[in-house]
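Got the viewer open? Load the model, show it as a cartoon, and follow along one selection at a time.

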Amino acid sequence: QVQLVESGGGLVQAGGSLRLSCAASGTIYIINAMGWYRQVPGQTRELVATITSSGSTNYADSVKGRFTIVRDGVLNTIWLQMDSLKAEDTAVYYCNAVRGATTYWGRGTQVTVSS
């Protein structure tokens with residue numbers, strides 16, 4: 001099993017920056033990929049950014065150039081550096097990890113961007 005804990009959410013003004021972190025515990029040595037997703041009430045959860053054990057990254061078009069996903073050497077911790085934040089980025093951000101064929105989710109952290 002993998003447990004994920006997010007931190008770093010909060011309130012920030014438009015144009016500002018925020019850095020989220022996610023720490024994985026449990027059977028972490030076999031994690032293949034981790035990432036960030038976000039969800040607004042009434043909408044579906046959407047991909048923000050992912051990173052694999054090989055270092056490959058994938059970003060949603062809406063955040064490309066503004067957000068950066070970073071991992072540690074053993075892929076048990078990831079960060080999401082968010083710059084040039086917009087009001088549209090307001091959402092609950094969820095950490096995600098894939099181990100084999102199983103997907104794990106954190107509880108989420110609220111990010112609110114004021115305009």
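Start with the contacts across the whole chain: among those with a separation of 6 or more, 53% are between residues 24 or more positions apart. Keep in mind as you go that this is a predicted model.

Now colour by secondary structure. You should get zero helices and 11 strands, so to speak an all-β readout from the N terminus on: β-β-β-β-β-β-β-β-β-β-β. Stay zoomed out for a moment. Along the principal axes, the C-alpha atoms fill a box of roughly 40 × 25 × 20 Å. The radius of gyration is 13 Å, which agrees with the value near 13 Å for a compact globule of 115 residues. Switch on the surface and you are looking at about 5,800 Å² of accessible area, with 49% of that belonging to carbon and sulfur atoms. Buried residues account for 43% of the 115.

**First stop: the four-stranded sheet**

Select E1, E3, E8 and E7. They make an open sheet in the order E1-E3-E8-E7, paired antiparallel. Which strands stand at the edges? Those are E1 (2-7) and E7 (67-71); each has a single partner strand, so one side of each is left without a neighbour in the sheet. Tilt the view to see the twist, which averages 15 degrees from one strand to the next.

Zoom in on E7 and E8 (residues 77-82), where five bridges hold the antiparallel pairing. To get your bearings, pick Arg71: its bridge partner in E8 is Ile78.

**Second stop: strand E9**

Next, select 91-99, which is E9. Is E9 mostly covered or mostly open? Mostly covered: seven of its nine residues are buried.

Add the strands that pair with E9, one by one:

- E4 (residues 31-39) runs antiparallel to E9 over eight bridges; look for Ala33 opposite Val98.
- E10 (residues 102-105) is also antiparallel to E9, over four bridges, and here Val98 has Thr103 as its bridge partner.
- E11 (residues 109-114) joins E9 through three bridges, again antiparallel; Ala91 stands opposite Val111.

Before leaving, click on Gly100. The hairpin of E9 and E10 has two residues between the strands, and Gly100 takes a positive phi near 60 degrees there.

**Last stop: the salt bridges**

Side chains of opposite charge can pair when their charged atoms come close. Turn on side chains for Asp, Glu, Lys and Arg; the whole structure holds four salt bridges.

Try Asp61 and Lys64 to begin with. Their closest N and O atoms are 3.5 Å apart, and both residues are exposed.

Then go to Asp89 and Arg66, whose side chains meet at 2.8 Å, N to O. This pair links distant parts of the chain, 23 residues apart: Asp89 is in the loop between E8 and E9, and Arg66 is in the loop between E6 (57-59) and E7. Asp89 is buried, at 2% relative accessibility, and Arg66 is buried too, with 11%.

Where does the network go from there? Salt bridges that share partners join Arg66 and Asp89 with Arg38 and Glu46. Select those last two and you will find their side chains meeting at 2.8 Å, N to O. Glu46 is partly exposed at 37% relative accessibility, while Arg38 is buried, with a relative accessible area of 6%. Leave Arg38, Glu46, Arg66 and Asp89 on display together for a view of the one network they form.

How values were computed
Residues numbered from 1 in each chain as written. Predicted model: local features only at pLDDT ≥ 70, side-chain atom pairs only at ≥ 80, totals over all residues. Heavy atoms only, no water. Pairing = 2+ DSSP bridges. Axes fitted to C-alpha atoms, helices over the stretch in contact; angles between N-to-C directions. Buried < 20%, exposed > 50% of the residue type's maximum accessible area, 1.4 Å probe, protein only. Rg over C-alpha atoms; globule rule 2.2 N^0.38 Å. Contact = heavy atoms within 4.5 Å. Areas by Shrake-Rupley, 256 points an atom, 1.4 Å probe, with all protein chains shown as cover.
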